[in-house]
Amino acid sequence: MLRLLFWLTCALVLLASSVASAAIVEHSFHVKNLTVRRLCTEQVVTAVNGSLPGPTLRVQEGDTLKVHIFNKSPYNITIHWHGVFQLLSAWADGPNMVTQCPIPPGGKYTYQFKLLKQEGTLWWHAHVSWLRATVHGALIIRPRSGHPYPFPKPDKEVPILFGEWWNANVVDVENQALASGSAPNTSDAFTINGLPGDLYPCSQNRTFKLKVQRGKTYLLRIINAALNNELFFKIAGHNMTVVAVDAGYTVPYVTGVVVIGPGQTVDALLAADQEVGSYYMAANAYASAAGALFDNTTTRGVVVYEGAPSSATPIMPLMPAFNDTPTANKFFTNITGLAGGPHWVPVPRQIDEHMFVTVGLGISICPTCSNGTRISASMNNFSFVSPTTLSLLQAFFFNVSGIYTPDFPDTPPIKFDYTNASINTLNPSLLITPKSTSVKVLKYNSTVEMVLQNTAILGVENHPMHLHGFNFHVLAQGFGNYDPVKDPKKFNLVNPQARNTIGVPVGGWAVIRFIANNPGVWFMHCHLDVHLPWGLATAFVVENGPTADSTLPPPPADLPQC
């Protein structure tokens, strides 16, 4: 009897601790115009609470986040909570016309969701047009009280957000490209925490500085919020130790360079173990598409040791070449998951859905464009078009027909030599991509394995593919055409990295696997914003499960209407 009472008391203490550690964290976002001076000119941008980047949100695992959005901008807006699982809260996910209609100018909406079964660095951003260029910020999920990090506790945590800057209105940049059918203008600068750094004109005093003390360790929470560029990141004279990616813990990986695609996050420990002085941190583009225009500039900040003379010239790191695919591939393939660590999910072995999905560029017919066509993009030759009258999630929940078709194919309609550019560019059946709003329907709790195969139909490049609502295991990746006989032998089924955004290698493939255990509609798309309006996307409709806790609840009363 005493033993029973003892265990009952322990259970009650644990329950009370869990409840006590969960809080409601509430914020208000005022989205409105902000005049910012960068690169010698003033530019009106859309921003949150008058800051660029926007506010950093800090929560603990188990908390409920409640964010009130007041749209005082001239544009429609939604906010996506990038990487958040949104368990039974798909209405709060945020992609425009996928889970909601946009918040109109003068409108408001409250996002509310629990942060469960994940911790680390995520972020939030606008999910309408190119507005996320300036509407974004960090979302940091710390462990519950009494739960330590699975690595030595750092002395300080520092968000590092990379961005892109245009000396123009980004909405106009996108609209001009869509109207002409060509690629958009490249950005004029990269930024670190909103600042371009001293290599750009009029930017000597607009350089991010990180002050450190020798002997201390700093957790860099690195986020690539750039629209269209993967980036190399280095700090002169220092290595970094990667301990998490996309809010999933990893086996510690020591590296001199971090490679990070748009949408991805990396948590890296920086030990201030060098001589007292000043050291540049720098980021420049990893541009894998041969011949394509890109922003070939470098942003940099400064790591300044306490006691360093102000007159000292910082040391500059030697940066990789813009097309250094071997360095990028080494970084991406050397990351492994921390099996058995907090929130680790073992790789599911039983597969219910096998998918082979091509991703790449093509063209579509455009009578109003200058040459009668425009650049397009597709998955399995389906080029995605968003609905205009009702969101996909509303159509699913209320069983409204005519908004989407449940016919996204498991394999491409034509099998071909996917990475052979000399053949594919001459084949009109591959080059022209039909437009549709096609989705893939999944049974609740089914396991999906997807081969993402890059194509060389209209150029070839690394595509950062982002899946909403889930993390997936990255089982393997490689170059050339995926071999269904040989390549499964390379699968890491023990401790693969878990991500929400995967860079499909240039001219190559990646294999991912996830469990569809969250009912709703979940967007999958390329996180190069230039490719999203071109149609490099699809969506998964995950059906309700058999119980109340596996069934999507009704939408909130203030959900915006189209």
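Select Cys202 to begin: its relative accessibility is 46%, so Cys202 counts as partly exposed, where buried means under 20% relative accessible area, exposed over 50%, and partly exposed in between (1.4 Å probe, protein chains only). The model is a predicted one, in which local features need pLDDT of at least 70 and side-chain atom pairs count only at pLDDT 80 or more, while totals for chains, interfaces and linings use all residues. Residues are numbered from 1 along each chain as its sequence is written, and side-chain values use heavy atoms, with hydrogens and water left out.

Now add Cys40, which forms a disulfide with Cys202, the two sulfur atoms being 2.0 Å apart; a disulfide here is a pair of cysteine sulfur atoms within 2.5 Å. Cys40 sits in the loop between strand 1 (24-38) and strand 2 (41-48), and Cys202 in the loop between strand 10 (189-192) and strand 11 (209-212), so that the link joins parts of the chain 162 residues apart; strands are DSSP runs (E, at least two residues), numbered from the N terminus. Cys40 is partly exposed, at 29% relative accessibility, and the link of Cys40 and Cys202 is right-handed, with 100° about the S-S bond.

The search of the whole structure finds 2 disulfides, and for the other you should select Cys101 and Cys562, whose sulfur atoms are 1.9 Å apart. This disulfide is left-handed, because the torsion about the S-S bond of Cys101 and Cys562 is about -90°. Cys101 is buried, with a relative accessible area of 0%, whereas Cys562, at 53% relative accessibility, counts as exposed.

Move next to strand 8 (residues 136-142), where 6 of the 7 residues are buried. Strand 7 (residues 120-126) runs antiparallel to strand 8 and is joined to strand 8 by 6 bridges, two strands being paired if DSSP finds at least two bridges between them. Within this pairing, Trp123 has Ala138 of strand 8 as its bridge partner. Strand 3 (residues 57-60) pairs with strand 8 in the parallel sense over 4 bridges, and Gln60 has Arg142 as its bridge partner there. In a regular strand the side chains alternate between the two faces of the sheet. Colour strand 3 by residue, and you will find Leu57 and Val59 on the covered face, with Arg58 and Gln60 on the uncovered one.

Finally, colour the chain by pLDDT, the predictor's confidence in each residue, from 0 to 100. The mean pLDDT of the chain is 93, and 96% of its residues reach 70 or more, but over residues 1-20 the pLDDT is below 50. Where pLDDT is low, the predicted coordinates should not be read in detail.

Definitions and conventions. Contact = heavy atoms within 4.5 Å.
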